Amino acid sequence: MIVKGIREELLDLLIRLGESTHPREFLVILKERDGIIEELDLVPGTISRPSSASFSPEMLPLDLHKAGSAHSHPSGPLRPSDADLRYFSSMGRYHIIVGPPYTRADWRCFTAKGEPCELEVIP
Ligand SMILES: [Zn+2]
């Protein structure tokens with residue numbers, strides 16, 4: 001699967017989700033259609049929790065269109081934590097982190113290995 005970019009509408013939704021769950025964290029699964037990330041799925045039991053310390057990848061719905069994940073860092077920098085890196089690879093290739101002050105500039109995308117990657121925003 002080659003992902004070309006993320007739908008602008010979904011990116012805005014992720015940023016708003018970060019803002020509305022602040023100061024708690026959210027975690028969702030990202031799904032692609034025809035190479036564009038444009039949908040999200042909730043991970044059971046993970047939305048709006050105080051921390052992402054534990055969650056089990058076995059709880060993830062099996063989905064061929066799974067592209068990655070998105071979550072917020074209400075108090076941390078926009079880069080993956082050690083805990084993030086442990087689950088990234090089980091959730092796909094592209095991982096978005098959003099954080100305060102939750103503007104259009106406050107997001108980053110990383111590979112499953114935690115390296116920054118470019119994701120085109122597609123209107
Ligand atoms: Zn994190």
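This passage describes the zinc site, the strands around it and the salt bridges of a predicted model. Local features require pLDDT of at least 70 and side-chain atom pairs count only at pLDDT 80 or more, while totals for chains, interfaces and linings use all residues. Residues are numbered from 1 along each chain as its sequence is written, and side-chain values use heavy atoms, with hydrogens and water left out.

The zinc ion is coordinated by NE2 of His71, NE2 of His73 and two OD contacts of Asp84, at 1.9 to 2.5 Å. Donors are defined as N, O and S atoms within 2.8 Å of the metal (3.2 Å for Na, K and Ca); water is not among the atoms, so sites may look incomplete. The arrangement is irregular because the 4 donor atoms subtend angles of 57 to 161° around the zinc ion. Under the criteria applied, four donors count as tetrahedral if all angles lie between 85 and 135 degrees; four count as square planar and six as octahedral if opposite donors are over 155 degrees apart and all others between 65 and 115; anything else is irregular.

The donor residues follow the spacing H-x1-H-x10-D in sequence. Distant parts of the chain are linked by the pair His71, in strand E4 (residues 66–72), and Asp84, in helix H2 (residues 82–88), which lie 13 residues apart. Helices (H or I, at least four residues) and strands (E, at least two) are DSSP runs numbered from the N terminus. His71 is buried at a relative accessible area of 0%, and Asp84 is buried at 1%. Buried denotes under 20% relative accessible area, exposed over 50%, and partly exposed the range in between (1.4 Å probe, protein chains only).

Strand E4 is largely enclosed by the rest of the structure, because 6 of its 7 residues are buried. Strand E2 (residues 27–33) runs antiparallel to E4 and is joined to E4 by 5 bridges; the zinc donor His71 is the bridge partner of Leu27. Strand E5 (residues 94–98) runs parallel to E4, again with 5 bridges, and Gly68 stands opposite Tyr94. Two strands pair if DSSP finds at least two bridges between them. E4, H2 and E5 make a right-handed β-α-β unit; a crossover is right-handed if, with the strands pointing away from the viewer, the path from the first strand over the helix to the second runs clockwise.

The whole structure contains 6 salt bridges, each defined by a side-chain nitrogen of Lys or Arg within 4 Å of a carboxyl oxygen of Asp or Glu. One of them pairs Glu38 with Arg7, at 3.1 Å from N to O. This pair links distant parts of the chain, with Glu38 in strand E3 (residues 36–42) and Arg7 in strand E1 (residues 5–7), 31 residues apart. Glu38 is partly exposed at 29%, as is Arg7 at 23%.

Arg104 and Glu8 form a salt bridge in which the closest N and O atoms are 3.3 Å apart. Here Arg104 lies in the loop between E5 and strand E6 (107–110) and Glu8 in helix H1 (residues 8–21), 96 residues apart. Arg104 is partly exposed at 35%, and Glu8 is partly exposed at 30%.

Lys31 and Glu39 also meet in a salt bridge, at 3.9 Å from N to O. Lys31 counts as buried at 9% relative accessibility, whereas Glu39 is partly exposed at 30%. Both residues belong to a network of salt bridges that links Lys31, Arg33, Glu39 and Asp41.
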